[in-house]
Amino acid sequence: LDQEDVLKILISYLVRLDDPHQDQENTTTAPFHLQLNEYEATKYSFKVMMMLSQPCPAMREVIANNVVFVMEELLMALSPNSNANFYHFFKSFQFLIKHFAEYVIPIILDTDSHIKMLELIDVTPIGDSLLELFRCPGSPMSLRMQMYGHFEASGYLQRIVEKLTGSDEAVAAAVREFLCRMAWSDRNFGKKPEKNSDKRNYENLFYNLLTFPPLLSAIVDMCLHFKAARPAQSPVSTELAEMLYGLVLRAWVPTYHMLTYHSSEDDMRLNDPISAHIVDLHLTDLTEAIIRASEHASSWRGGNRGNVTHHSIILMDILCEVCKRLPHSSVEFLPAPFWKWCVNAFFKYPSHNIYSARFYRLFYIALHNECIGSFQVILQKHKFITRCIHALHVPHGAREPENAGHIVALLNLIRLKSSSLPKGSWMRHFLRSHHMWTEFQAELHERTSEMVYRDFPVKSSVSIAPVEFRK
């Protein structure tokens with residue numbers, strides 16, 4: 001087996017190339033793997049796959065001594081005249097790139113096999129093989145960076161964009177699944193770098209690939225500008241939204257300075273281009289997509305118009321994550337119609353705890369960053385405090401709304417934030433002139449104490465009430 005001729009015969013049972021010079025009628029002189037029927041050929045291919053993917057120590061030594069030749073022969077399975085079982089190809093490819101990446105990756109780049117894989121990405125095992133190439137587990141960072149540079153210089157990323165936006169829906173769906181799996185599978189995203197290390201030392205392929213401007217623009221546009229013919233909560237749109245959320249959530253590579261010191265928004269923009277791209281170009285589109293996703297609910301599943309869908313929740317997660325990182329560029333400029341929809345949905349669907357949690361998170365971000373313009377819309381125009389108090393005051397014997405806990409938490413946020421603001425601030429002036437708010441303070445203290453002591457029944461001498469309510 002340590003001889004190349006023998007290895008070539010062995011791998012030919014997996015690759016199963018057609019012989020272009022062989023007469024179709026005369027099969028007695030054909031290579032042995034061509035003389036087998038389909039069942040026998042699959043059995044032989046499976047045995048070769050087991051030898052290459054789970055080798056014994058002796059076979060592993062043979063592969064290590066001939067890894068370049070083995071890889072070159074295995075990549076022949078991507079040829080048009082190959083009848084290979086692509087699952088067997090994937091298992092063999094997975095082992096080789098995991099243990100011999102420094103030899104395998106240059107061969108793939110030299111033979112343009114990554115382009116052939118992209119052409120066959122709608123074949124599931126080939127898509128899995130391409131994902132393994134992009135992950136290249138166990139490979140040194142210098143080799144990965146060399147591969148990134150080759151992809152960028154050769155126009156490979158632009159080919160992915162063309163496949164994603166092309167007319168072939170099967171190929172586009174395969175690319176969407178590939179990008180989504182890639183965005184959620186990398187464990188190095190957000191990994192704390194070593195002290196005094198350079199940013200390039202821990203950047204990874206996913207960060208470079210998914211922040212490629214044409215690809216990022218294509219993903220955001222397809223996610224936010226869905227057509228009426230394709231409802232917002234259809235599987236395709238939801239898949240796109242999950243992919244975009246994966247990019248936003250995982251593709252942030254912080255510097256050591258950002259992890260140890262208070263970073264400015266300019267630092268965040270520099271190290272989080274995806275959030276900056278959404279805030280600068282698509283913030284209004286994102287809020288409109290959230291509203292549009294709920295408006296199209298009835299057209300897809302026959303639900304009530306305006307229902308908060310799974311697609312809306314994912315887009316809300318994206319918005320919350322973006323606003324948390326770039327608050328001064330985002331929260332201040334959230335349009336008034338979006339806040340109107342958020343407040344109305346909070347009271348219209350009190351049993352939707354998932355949405356209530358998202359609204360609480362967005363409300364907290366806006367309050368923490370003192371976005372007065374937003375709170376003039378929420379508190380004054382849409383009477384948020386009045387509606388909260390009315391929601392808690394139910395008739396005798398009736399059940400309180402299921403989001404009563406969120407309501408109490410939101411009102412406590414307002415109370416605590418207003419107490420930290422100057423006396424001449426707009427919010428303190430508004431709350432002082434709000435008679436229902438003033439009268440509700442004692443009840444708010446009682447409800448808060450009841451919730452805290454119910455969840456944490458430990459006797460304590462420390463009072464959680466403000467000074468004016470302590471006895």
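Accessible areas here come from the Shrake-Rupley method with a 1.4 Å probe. Keep that in your pocket for the first exercise, and remember that you're looking at a predicted model.

**Exercise 1. Get a feel for the whole chain: find its accessible surface, its buried share and its helices and strands.**

Step 1: Start outside. The chain has an accessible surface of about 23400 Å², and carbon and sulfur atoms own 53% of that.

Step 2: Go inside. The chain has 471 residues, and 49% of them are buried.

Step 3: Look at the ribbon. You'll find 27 helices and 0 strands.

Step 4: Check the contacts. Take those between residues at least 6 apart in sequence: 73% of them link residues at least 24 apart.

**Exercise 2. Work out how the rings of Y355 and F359 are arranged, and why they are about one helical turn apart.**

Step 1: The structure contains 20 aromatic pairs. One of them is Y355 with F359, with ring centres 6.3 Å apart and 25° between the planes.

Step 2: Planes under 30 degrees apart count as stacked, so this pair is stacked.

Step 3: Now find both residues in helix α22, which covers residues 353–368. They sit 4 residues apart there, so about one helical turn separates them.

Step 4: Are they buried or exposed? Both Y355 and F359 are buried.

Step 5: Zoom out a little. Y355 and F359 belong to one aromatic cluster whose members include W339, W341, F363 and F384.

**Exercise 3. Find what K47 lies over.**

Step 1: Go to Y44 and look at the face of its ring: K47 lies over it.

Step 2: Read off the distance, which is 5.6 Å from the ring centre.

Technical notes: Residues numbered from 1 in each chain as written. Predicted model: local features only at pLDDT ≥ 70, side-chain atom pairs only at ≥ 80, totals over all residues. Heavy atoms only, no water. Phe/Tyr/Trp six-rings, centres within 6.5 Å; stacked < 30°, edge-to-face > 60°. Helix = DSSP H or I, 4+ residues; strand = E, 2+ residues; numbered from the N terminus. Buried < 20%, exposed > 50% of the residue type's maximum accessible area, 1.4 Å probe, protein only. Lys NZ or Arg CZ within 6 Å of the ring centre and 35° of its normal. Contact = heavy atoms within 4.5 Å.
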